[in-house]
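The exercises below are to be worked with the sequence and the 3D structure at hand. Each task is followed by a solution in steps.

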Amino acid sequence: MQTSIVIMAAGKGTRMHSTLPKVLHKICGKPMLFYIIREALKVSDDVHVVLSHQAAMIKERLKQDFDNLHFHLQDLQNFPGTGGALMQQGSKKLLDTKYNRILILNGDMPLIYADLLENLLRVNAPMVLGILELQDPSGYGRILMDGDCVKGIVEEKDCTQVEKKIKKVNAGIYVVDKKLLQEFIPALENQNAQQEYYLTDIVQKGVQKGVEIKVFMGDVESFMGVNSKLDLCSAQEIMLQRLRKKAMLNGVIMHLPHTIYLEEDVEFVGECELQEGVRIIGKSVIEESVIKSHSVIEESIIKNSDVGPLAHIRPKSIIKDSHIGNFVEVKAGDLEGVKAGHLSYLGDCEIKKGSNIGAGVITCNYDGKNKHKTWIGENVFVGSDSQIIAPVKIDSEVLIGAGSTISKDCNTGDLVLSRVEQKNVTKGYYKFFKGK
Ligand code: UD1
Ligand code: CA
C-alpha cells in the first residue's frame, strides 16, 4: 500500500542551546534532517516536511540535496506541538497528502533507515506505533499498556512517579490511516504540562474509538531522537560506525577505525588504506591510496598516492601518483607525479610529473590582497627552504638551489640560485669566543 510521509521539523530545538535550527546541526558533514529525508524518499514519492522556526533557511539548505519535497508551515504561535505540526497552517484541519496511509516521523531521528521503515509499514493495522525499550527512558513519552494492548502515550512532563518507571517509550514514528487523522487531529486539545497539541494524544482517541493499535519495536541505534548536543554526538558516533563499516566491506583497510573520522560524501575507489587518526571530509575521493596517521583531507581527490603522516590537504586539491610526506599542506594544488616529502606549503599551484619539492619549500601565494598561482613543470628540482613568490612560472627541467627566493620566471635548463654567497672568516670562531 502506498504511503505518504510527513516529517516534523518545525520545533525550536530549545535543548540544543543553539542559534542554528536543531535539524540543521550536522552529522558526518550533512544536516541531521538530510538523512531522514533521504531514507523517506526511498520509501515514498510523497514526502512532506513541516517547518516553522527558521523555515526559509532550512528550505534553502534542503534544496541543495532534494528537489521533490512538499513543504508546510506550522502555525507555531496558535498550534504549537507535534499535533500542531500535522495541521494546516492557521487551522486545526489535517494537512494534505497524496495517499490514504500516512507515516509520520519526528525530524530529529537521523539514524532511521529505509529497510526498517519498510518493515514497519508491513505491520497491518490502522494505527502502528514505533516504540523502543530503554534502560533509561528519561525524556521520552511512555507507552501505557494493558497486557498487550496499548492504552495511550504519556509525556514525561505529564507522568506520575509510577509511569516514569515505564521502559517502553514512544520513538516518534506513527503509521495512521488518513481517515483517522482527519478525525483526531482537529479534536486535539492542549490541556497538558506544556500547553501544546500532542500528536501522541491520537493514541488515546484511537483506544476510545476501539481502533486496532499495533506496535513495532525498534532499536536505539536506529530510532534514537536527538534533543541535545550530547545526543548529537552519540548519533554521529553510530553514523560513523556505519560509514566505516561500509568502507571496510568495500575494501578499505582501516587501522584503529574508531579514531578515523569520515563524512557522508567521502568516496573510496579500489583498495585504500587509512591509518589511525585520519580525518576525511566533504566531497573527497580517495582512490588506490594510503593516508597515513593523523592526516586531514578536505574536499579533495587523492589517486594512486600516499599522504602523511600529519599532512593537511585542503579543499580543491587533486593529487595523483604523488608522495606527500609529513607536515606538508596543500591547498587548491594540482599535483601529478610529485614528491613533496617534508614541511611544505603548496597553495594555488600546478606541479607536473617528476618534480621534487624539497623540505621547507613555500609557495608564497598571497600578497596581502590577492591570491596568485605557481606553475611548476616536469622534472623540476626545488631545493630545500626555497620560497616561490607567485605569480610565477617555472618551466620543465629547472634546478633551483636550496634557500633560493624565486620571484622571476625560470626557463628550461636553468640552474637558479638566489642567495648570498657564503663567506668564511678564518679563525673567526676563536676571535669571537676569545679562545686559542
Ligand atoms: C516527542 C514525543 C515523545 C517521544 C519523542 C521521541 C510528542 C508530544 N512527544 O517528544 O512522546 O518519546 O518525541 O523522540 O510528540 N516538532 C514540530 N512542531 C512542534 C514541535 C515539534 O514540528 O511544534 C518536531 C520537532 O522539530 C522534532 C519532532 O517534532 O523533529 C519532535 O519534537 P520534540 O520537541 O523533539 O519532541 P520530544 O519532546 O522529543
Ligand atoms: Ca525529540
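**Exercise 1: Ligand contacts**

In this predicted model, an oxygen atom of ligand 1 lies 2.9 Å from a polar backbone atom of G11. Task: find which side chains place an N or O atom at 2.8 Å and at 3.3 Å from an oxygen atom of ligand 1, and list the closest residues around the ligand.

Solution.
- Step 1. Start with the shell: ligand 1 is surrounded by 24 residues, and the closest are Q74, G81, T82, E155 and N170.
- Step 2. Look for the 2.8 Å distance: it runs from an oxygen atom of ligand 1 to an N or O atom in the side chain of N106.
- Step 3. Look for the 3.3 Å distance: here the partner of the ligand oxygen is an N or O atom in the side chain of N227.
- Step 4. Test against the cut-off: a polar contact needs N or O atoms within 3.5 Å, so pairs of this kind qualify. The G11 distance is 2.9 Å, the N106 distance 2.8 Å and the N227 distance 3.3 Å.

**Exercise 2: The two domains**

Task: describe how domain 1 and domain 2 meet, starting from their bounds and ending with the area buried between them.

Solution.
- Step 1. Set the bounds: domain 1 covers 4-217 and domain 2 covers 249-416.
- Step 2. Count the residues in contact: domain 1 gives six and domain 2 gives five.
- Step 3. Take the distance between the C-alpha centres of domain 1 and domain 2, which is 48 Å.
- Step 4. Take the buried area: about 380 Å² lies between domain 1 and domain 2, with 47% of it from carbon and sulfur atoms.
- Step 5. Assign the share of domain 1: C28, G29 and K30 supply 76% of the area this domain buries against domain 2, more than any other three residues.

**Exercise 3: Polar links across the interface**

Task: state how many salt bridges the rule finds across the interface of domain 1 and domain 2, and place the partners of the K30 and D265 bridge along the chain.

Solution.
- Step 1. Count: the rule finds two salt bridges across the interface of domain 1 and domain 2, while a search of the whole structure finds 17.
- Step 2. Examine one pair: the side chains of D265 and K30 form a salt bridge at 3.3 Å, N to O.
- Step 3. Place the partners: D265 is in the loop between strand 13 (261-262) and strand 14 (267-269), K30 is in strand 3 (residues 30-31), and the two are 235 residues apart.
- Step 4. Add the polar contacts: three residue pairs are found across the interface of domain 1 and domain 2.
- Step 5. Find the element: helix 1 (residues 32-43) gives three residues, the largest share of the side of domain 1 that touches domain 2.
- Step 6. Sort by class: that side of domain 1 has three nonpolar, one polar and two charged residues.

**Exercise 4: Backbone in the loops**

Task: locate the cis peptide bond that joins G308 and P309, the one from A390 to P391, and the positive phi of H294.

Solution.
- Step 1. The bond between G308 and P309 has omega of about 5°, and P309 sits in the loop between strand 21 (306-307) and strand 22 (312-313).
- Step 2. The bond from A390 to P391 has omega near 0°; P391 belongs to the loop between strand 32 (387-389) and strand 33 (392-394).
- Step 3. H294, a residue other than glycine, has phi near 55°, and its loop runs between strand 18 (290-291) and strand 19 (296-298).

How values were computed: Residues numbered from 1 in each chain as written. Chains lettered and ligands numbered in written order. Predicted model: local features only at pLDDT ≥ 70, side-chain atom pairs only at ≥ 80, totals over all residues. Heavy atoms only, no water. Domains from an automatic or database assignment. Contact = heavy atoms within 4.5 Å. Buried area = accessible area lost by both parts, 1.4 Å probe. Salt bridge = Lys/Arg side-chain N within 4 Å of Asp/Glu carboxyl O. Polar contact = N/O pair within 3.5 Å; in protein donor to acceptor, adjacent residues only side chain to side chain. Helix = DSSP H or I, 4+ residues; strand = E, 2+ residues; numbered from the N terminus. Nonpolar A, V, L, I, M, F, W, Y, C, P; charged D, E, K, R; others polar. Near = heavy atom within 4 Å.
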